[in-house]
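Please look through the structure shown here before reading on. The paragraphs that follow lead from a local feature of the backbone to a whole chain, and from there to the contact between chains and to a pair of helices.

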Amino acid sequence: MSDVLTVRGLSVKVRDTMLVSDVDLTVGAGERVGLIGESGSGKSLTALSVLGLLPEDVHAGGSVRLDGVDHELIGADERRMSRIRGRDIAMVFQEPMTALNPTMRIGDQVAEAMLIHKTRPKSAADAAAADLLELVQLPSETRRAYPHQLSGGQRQRVVLALALANDPSLLICDEPTTALDVTVQALVLDLIVRGVMDRSSALLFITHDLAVVATVCERVLVMYGGRVVESGPVGEVFTRPRHRYTEGLLAASDLDTNSRRLTTIPGNVPPAGKFPSGCVFRTRCAHATALCEETPEWSGTEARGFACHHPAGVADV
Amino acid sequence: MSEPTAIQVVDLVRDYPRPRTSLFQPAPVVHALRGVSLEVKQGERFGIVGESGCGKSTLLRIIAALDRATSGNVIVEGTDITRLPDRRLRFLRENLQLVFQDPMSSLDPRMRVRDIIAEPLVVQGHPASGERVRELLEAVGLSADAGDRYPHQFSGGQRQRISIARALAPRPRILIADEPVSALDVSVRAQVLNLISDLVDELNLTLVFVSHDLSVIKHVCDRVAVMNAGQIVETGYTGDVYAAPQHPYTQRLVSAIPTLQRALSGATTSDLLAKGDAP
């Protein structure tokens with residue numbers, strides 16, 4: 001199985017502040033990979049760097065390669081990137097209203113995605129747009145509606161239809177259901193998963209919700225403080241976490257405990273750029289020692305590994 | 001149950017007129033609440049769950065006398081507050097306090113934290129001693145010097161602690177929390193839930209906890225009311241409602257919640273839709 005997306009040593013910084021460091025990430029063809037982390041963990045910046053959509057004066061370094069594209073994506077000029085965006089890589093953002101054009105009818109917007117990349121002629125694009133909207137279970141009148149006439153969940157389904165229009169090899173979703181109600185979230189998640197499976201597209205799914213990742217993805221990367229601290233198959237990472245942050249996060253989100261008190265991670269998530277040197281989690285970790293002032297090496301393979309000096313799941317020394 | 005009633009809501013209706021869309025037709029009306037009745041016992045932890053637009057915030061606003069009902073009654077600790085003029089609501093302002101979802105918009109950015117916490121006391125004519133403010137800061141797990149700083153200098157979880165300290169200042173007997181942890185990171189959410197739980201126990205508070213997240217309600221509350229389209233469709237002990245939902249809407253809601261346990265035992269996204277049809 002060839003890899004669709006290969007990210008090596010990705011770093012993102014604003015002036016002298018490192019926001020993302022040393023991120024390695026591969027997504028295989030048709031694979032569904034989750035990226036989880038809390039606010040400030042760098043998960044969204046990682047996705048934006050892949051698309052070349054970082055704000056001005058935020059700079060990415062390292063390497064991002066996409067299968068079928070013969071150049072490096074980091075530092076590629078806008079002309080080349082706009083050929084890739086929406087055709088090879090598509091993205092669904094958290095807030096669908098800002099992702100849609102408020103002055104254009106829904107059907108035209110979906111068709112435009114195909115016209116811009118010349119993947120279909122005008123008449124075929126219109127027909128394909130209608131099919132896509134049907135696929136995301138929107139009634140046919142939606143074609144003539146404007147974004148403001150739709151609910152949040154309907155808008156997000158339009159954005160998904162748009163993203164799938166050119167059968168991208170990679171779909172990136174950044175918190176696509178965070179703003180939605182649970183019953184609507186269930187529908188949108190199901191449409192995303194079916195959409196990528198039908199096209200054998202790969203999925204990079206970004207969220208802070210562990211249960212959503214576990215339901216949607218096969219493999220997961222846990223980010224904290226701009227670093228990947230642990231990665232592996234969902235079943236393994238969520239049942240036998242090795243990094244202390246993953247362990248704490250799982251305990252803190254377990255609302256099914258019988259005790260009235262939840263297990264907590266002490267302290268707060270530091271603001272971006274204010275994470276400690278060495279192990280980024282050491283200021284909140286109960287197991288931290290002087291050793292943690294050094295950045296922990298990655299243990300294991302890229303497919304299953306972690307970066308921690310005092311991993312969980314072994315007898316404490 | 002022999003516990004006295006803290007809050008009783010009887011057949012509450014709230015209609016909002018919308019702006020007229022036509023010269024010749026009457027203004028359309030939104031029925032936000034269509035006959036809601038519920039009873040919260042003293043010392044109980046009562047949850048209200050529902051999705052956006054179901055009327056849960058309207059219900060809270062009327063219980064807190066921040067909005068007026070179209071018809072129906074709200075009785076708080078034996079007093080019918082529905083038709084009381086503002087000047088006679090003082091007992092309610094002291095006994096019932098609120099914590100809102102977004103601490104950034106419910107805390108005045110220009111006030112120091114100690115003044116924010118002391119404000120409910122000052123407004124109600126109590127002496128606002130530095131001692132009481134320090135005591136409250138300590139109760140919510142903030143350091144005493146936090147009082148000298150401004151809300152923007154705190155993280156989301158800490159701001160929510162400040163809101164809680166402010167709510168507790170006048171020593172209320174009823175605490176109403178409107179989505180208090182929805183804006184927080186998972187690792188901080190657990191801290192704030194623990195804090196609310198501890199304070200409710202220590203101070204013998206009656207808690208009304210509103211959330212869209214049934215799993216959070218299940219952890220915090222004894223009983224829950226499920227709201228949909230301005231009505232309560234199901235009420236019961238949280239464990240029972242979660243394990244065996246009776247109403248079709250509750251069934252859909254419960255099955256739509258992704259959980260780690262279900263996912264790890266092989267549930268997929270289509271299982272979230274298993275019961276009932278798409279909305």
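**From a local turn to the chain contact**

In this predicted model, B:A65, which comes just after α1(B), takes a positive phi of about 60°. The helix that precedes B:A65, α1 of chain B, covers residues 56–63 and is mostly covered, with 6 of its 8 residues buried. Those buried positions are B:K56, B:T58, B:L59, B:L60, B:I62 and B:I63, so named because each has 20 or more other C-beta atoms within 10 Å of its own.

Stepping back to chain B as a whole, its secondary structure comes to 12 helices and 10 strands, and the C-alpha trace spans about 55 × 55 × 45 Å along its principal axes. Is this extent in agreement or at odds with a compact globule, judged by the radius of gyration? For 279 residues a compact globule would have a value near 19 Å, and because chain B has 20 Å, the two agree. Of the 279 residues of chain B, 44% count as buried. When contacts in chain B between residues at least 6 apart in sequence are considered, 66% of them join residues at least 24 apart.

Chain B also touches chain A, and here 36 residues of chain B are in contact with 36 residues of chain A. On the side of chain B that touches chain A, at least two residues each are supplied by α6 (156–168), α7 (186–202), α8 (214–220), α10 (248–256), α11 (260–264) and α12 (269–272) of chain B. The largest share of that side, 8 residues, comes from α7(B). By residue class, the side of chain B that touches chain A divides into 17 nonpolar, 15 polar and 4 charged residues.

The last step turns to a helix pair in chain A. Two packed helices are described by the angle between their axes and the distance between the axes. For helix α4 (residues 106–116) and helix α5 (residues 122–135) of chain A, the axes come within 8 Å and cross at roughly 125°, which makes α4(A) oblique to α5(A). The crossing in which α4(A) passes α5(A) is right-handed. From α4(A), the contact is made by A:G107, A:V110, A:A111, A:M114 and A:L115, while α5(A) brings A:K122, A:A125, A:D126, A:A128, A:A129, A:A130, A:L132 and A:L133. Taken together, the residues of the contact of α4(A) with α5(A) divide into 10 nonpolar, 1 polar and 2 charged.

Conventions: Residues numbered from 1 in each chain as written. Chains lettered and ligands numbered in written order. Predicted model: local features only at pLDDT ≥ 70, side-chain atom pairs only at ≥ 80, totals over all residues. Contact = placed C-beta atoms within 7 Å. Helix = DSSP H or I, 4+ residues; strand = E, 2+ residues; numbered from the N terminus. Nonpolar A, V, L, I, M, F, W, Y, C, P; charged D, E, K, R; others polar. Rg over C-alpha atoms; globule rule 2.2 N^0.38 Å. Buried ≥ 20, exposed ≤ 12 C-beta atoms within 10 Å, placed from the backbone. Axes fitted to C-alpha atoms, helices over the stretch in contact; angles between N-to-C directions. Parallel < 35°, antiparallel > 145°, perpendicular 65-115°, else oblique. Left-handed = near helix turned anticlockwise from the far one by under 90°.
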